[in-house]
Amino acid sequence: MARPRIVIVGAGFAGFAVARKLAKLSQGSAEIVIVNPTDYFLYLPLLPEVATGLLEPRRVTVSLAAALPGARVVLGEADGFDLDARTVSYTDPEGGTGKIGYHRLVIAVGSVNKLLPVPGVIEHAHGFRGISEALYLRDHITRQIEMAGNAADDAERQARCTFVVVGAGYTGTEVTAQGVLYTKDLVKPWPELRDRPRWLLIDTADRLLPSLTPRLAEDADQVLRERGVEILLKTSVQEAMSTGVRLSTGEYVPTRSLIWCVGVRPDPVIDGLGLPMRNGRLVVDEFLTVPGHPDVYAIGDAAAVPDLTMPGEITGMTAQHASRHGVTAALNIAASYGRGRRRAYKHRDLGFVVDLGSLDSAANPLHIPIRGFPAKVVTRGYHLLSMPGNRVRVAGDWLLDTLLGRQGVQLGLVSKEAVSLESQSPER
Ligand SMILES: Cc1cc2nc3c(=O)[nH]c(=O)nc-3n(C[C@H](O)[C@H](O)[C@H](O)COP(=O)(O)OP(=O)(O)OC[C@H]3O[C@@H](n4cnc5c(N)ncnc54)[C@H](O)[C@@H]3O)c2cc1C
């Protein structure tokens, strides 16, 4: 290897940030290689808007080749790390295999849907982690309303118009908030369905958005209830079936739609490393290196990064932390080659934004709570600034949505099998 080779596994928030910063710092003096299963960076926070017909799917993807001209993208899924031989093996999208050597390795593989041992969930719930799941969900919701319009009996009509979302974190809350607006648009051709769509949001916690501030949760709670969402707290799903779900309260809810947003867990590929883990995430020190392996960095959702602002804690699984981990890892890699000094990762969170659709949002930029239209402006401005590309296209879709409403058609591009939660079962 003529130039030092830095291999980054995963091109999400963390991997993208490290690659971009390294490309700037190295100015071609290092070879930067990204191994990622897709040729795009996915802006996950806007996925609920794809699933509910507001944004077209390509809007939330940014081409890696175009956005990172200083890096080489290898399409593949890493399936083995040999830290002694310093190699990563991978399988490409067509089943071919390869192996690549490195001088520095950055593990940034993110997370996958969290599963709970609830009977029927793997078979009947819809997960929510990538483009195909969002597209499938969009079709599924559309189909339920269209089939309800032609249902033979009232019970089937109501079941098809009932949507159960499990998990009231930011994903579940946003999907519900946007979903209500989408089904309201979808039922317009069927006057008899106008008051039918029923959305339930379920969580075992005692409030919405348990990981965010109570004020944000109260604001979101109020907006959802005003839209008619039934919020069931301290409640869980006991069993899922093809025609309904049984709740921990004993209630049986007839539905064809169980939307699984209970959170994420780190990608299983890091289990195989045999390295110390905390909460399923790879243990790293405050410089983001894996103890005993100074050339190996782990960042983002996959890593248990010490939170120096809250001693004893690790940083949350958020895009904000992941991107900033990426920048710190790049600076520390440069420092390992004598450029600058290495630094500990320290970041106090800057607040959070929750888009509730229409003109509503809840946000606390710099911990100042705001809601309604001002929060909407902050939320959308934040997303546009955070996206590494496609800003005009996203803003264009938002404008079209305001002027014309959402387009309710199924495209049928993604099969149920392609997005089964089964493919993410713990044995994977
Ligand atoms: C629907 C949704 C909405 C969210 N909304 C917000 C929000 O509003 N605000 C916020 O702060 N956070 C939000 N998050 C959380 C945030 O997106 C994550 O914390 C963040 O994406 C973590 O970044 P990461 O780089 O660690 O992982 P990711 O962004 O998930 O990227 C991981 C990358 O690694 C790739 N990969 C996985 N396995 C392999 C492998 N074996 N080999 C090679 N590549 C691999 C993946 O394809 C992906 O490209 C949301 C998450 C979801 C799912």
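Ligand shell and Ala319

Modeller: Helix α9 gives the most to the shell around the ligand, with 3 residues. The model is predicted, so local features need pLDDT of at least 70 and side-chain atom pairs pLDDT 80 or more, while totals for chains, interfaces and linings use all residues. Residues are numbered from 1 along each chain as its sequence is written, and side-chain values use heavy atoms, without hydrogens and water.

Biologist: What makes α9 (319-336) a helix in this numbering?

Modeller: Helices are DSSP runs of H or I with at least four residues, strands are runs of E with at least two, and both are numbered from the N terminus. Ala319 is found in helix α9.

Biologist: Why is Ala319 called partly exposed?

Modeller: Its relative accessible area is 23%. Buried means under 20% and exposed over 50%, with partly exposed in between (1.4 Å probe, protein chains only), so Ala319 at 23% is partly exposed.

Biologist: Which residues are the closest to the ligand?

Modeller: Of the 31 residues that surround the ligand, the closest are Ala14, Asn36, Ala78, Asp301 and Ala319. A residue is counted if one of its heavy atoms lies within 4 Å. Ala319 and Asp301 are 18 residues apart in sequence and 8.6 Å apart in space, C-alpha to C-alpha.

Biologist: What makes the pair of the ligand and Asn36 a polar contact?

Modeller: A ligand oxygen is 2.9 Å from an N or O atom in the Asn36 side chain. A polar contact is a pair of N or O atoms within 3.5 Å, so the pair at 2.9 Å qualifies.

Key. A polar contact is a pair of N or O atoms within 3.5 Å; within protein, one must be able to donate a hydrogen and the other to accept it, and residues adjacent in sequence count only if both atoms are side-chain atoms.
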